Amino acid sequence: MKLYGAHDVIRAFSAELRKGRLAYAECNTCSQKYLPPRAICAICGSTSFGIRELENRTGVIVAKTSVYYPPARFSKESGYVIAVVEFEKGLKFMARLRENNGKACKVGDRARLVIVSELPDVYLEAG
Ligand SMILES: [Zn+2]
């Protein structure tokens with residue numbers, strides 16, 4: 001499926017999340033992959049993308065930090081942890097991280113992306 005421009009790509013990404021699937025965008029010109037999707041390819045400038053499903057939602061934590069001044073939506077969760085996880089194909093995604101029973105995890109640990117039914121919420125679960 002060919003998609004053009006930010007609205008189509010983001011709409012397709014959101015639709016896949018609603019179905020419980022994590023999707024990434026692949027440039028139809030140079031095959032560069034993006035997670036989350038982008039409106040314009042940073043490599044070749046194309047605005048034409050395809051949407052593909054990322055089937056393995058488990059990856060490796062490559063960075064993490066705590067957020068003490070969160071956006072209003074997460075104000076009651078101040079001090080929460082966010083992490084960047086690298087999945088297959090070198091795709092990286094950042095989301096809130098739920099650590100194992102309060103036990104801190106570290107860069108290099110594995111984490112799985114969980115899609116919550118109250119979209120557009122997603123989080124990473126360590127372990
Ligand atoms: Zn491209």
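Let's start with a hairpin: strands β2 and β3 (residues 33-34) pair in the antiparallel sense, with 2 bridges between them. This is a predicted model, and its secondary structure comes to 1 helix and 9 strands. Going along the sequence, the order is β-α-β-β-β-β-β-β-β-β. There's also a closed barrel of 5 strands to look at, and the bullets below take the two regions in turn.

**Around β2**

- In the β2/β3 pair, Glu-26 sits opposite Lys-33 of β3.
- The hairpin that β2 and β3 form has 5 residues between the strands, and Ser-31 adopts a positive phi there, near 70°.
- β2 also pairs with strand β4 (residues 48-53): the two run antiparallel and are joined by 5 bridges.
- One pair to look up here is Cys-27 with Phe-49, its bridge partner in β4.
- Strand β2 (residues 23-27) is largely enclosed by the rest of the structure, because 4 of its 5 residues are buried. The cut-off behind that is 20 or more other C-beta atoms within 10 Å of a residue's own.

**The barrel**

- The strand order around the closed barrel is β5-β6-β7-β9-β8, and the pairing is mixed.
- On average, neighbouring strands of this sheet are turned by 50° against each other, ignoring direction.
- Strand β6 (residues 80-86) runs antiparallel to strand β7 (residues 92-98), with 6 bridges joining them.
- Within that pair, Ala-83 has Ala-95 of β7 as its bridge partner.

**β8 and its two partners**

- On one side, β8 (residues 110-115) pairs with strand β5 (residues 58-67) in the antiparallel sense, over 3 bridges.
- On the other, 5 bridges link β8 to strand β9 (residues 122-126), and these two run antiparallel as well.
- Arg-112 turns up in both pairings: this β8 residue is the bridge partner of Thr-58, and Arg-112 also stands opposite Glu-125 in β9.
- As a general reminder, strands of a sheet pair through backbone hydrogen bonds, in either a parallel or an antiparallel way.

**Whole-chain numbers**

- The protein has 127 residues, and buried ones make up 20% of them.
- If you take the contacts with a separation of 6 or more, 50% of them are between residues 24 or more positions apart.

Methods. Residues numbered from 1 in each chain as written. Predicted model: local features only at pLDDT ≥ 70, side-chain atom pairs only at ≥ 80, totals over all residues. Pairing = 2+ DSSP bridges. Axes fitted to C-alpha atoms, helices over the stretch in contact; angles between N-to-C directions. Buried ≥ 20, exposed ≤ 12 C-beta atoms within 10 Å, placed from the backbone. Contact = placed C-beta atoms within 7 Å.
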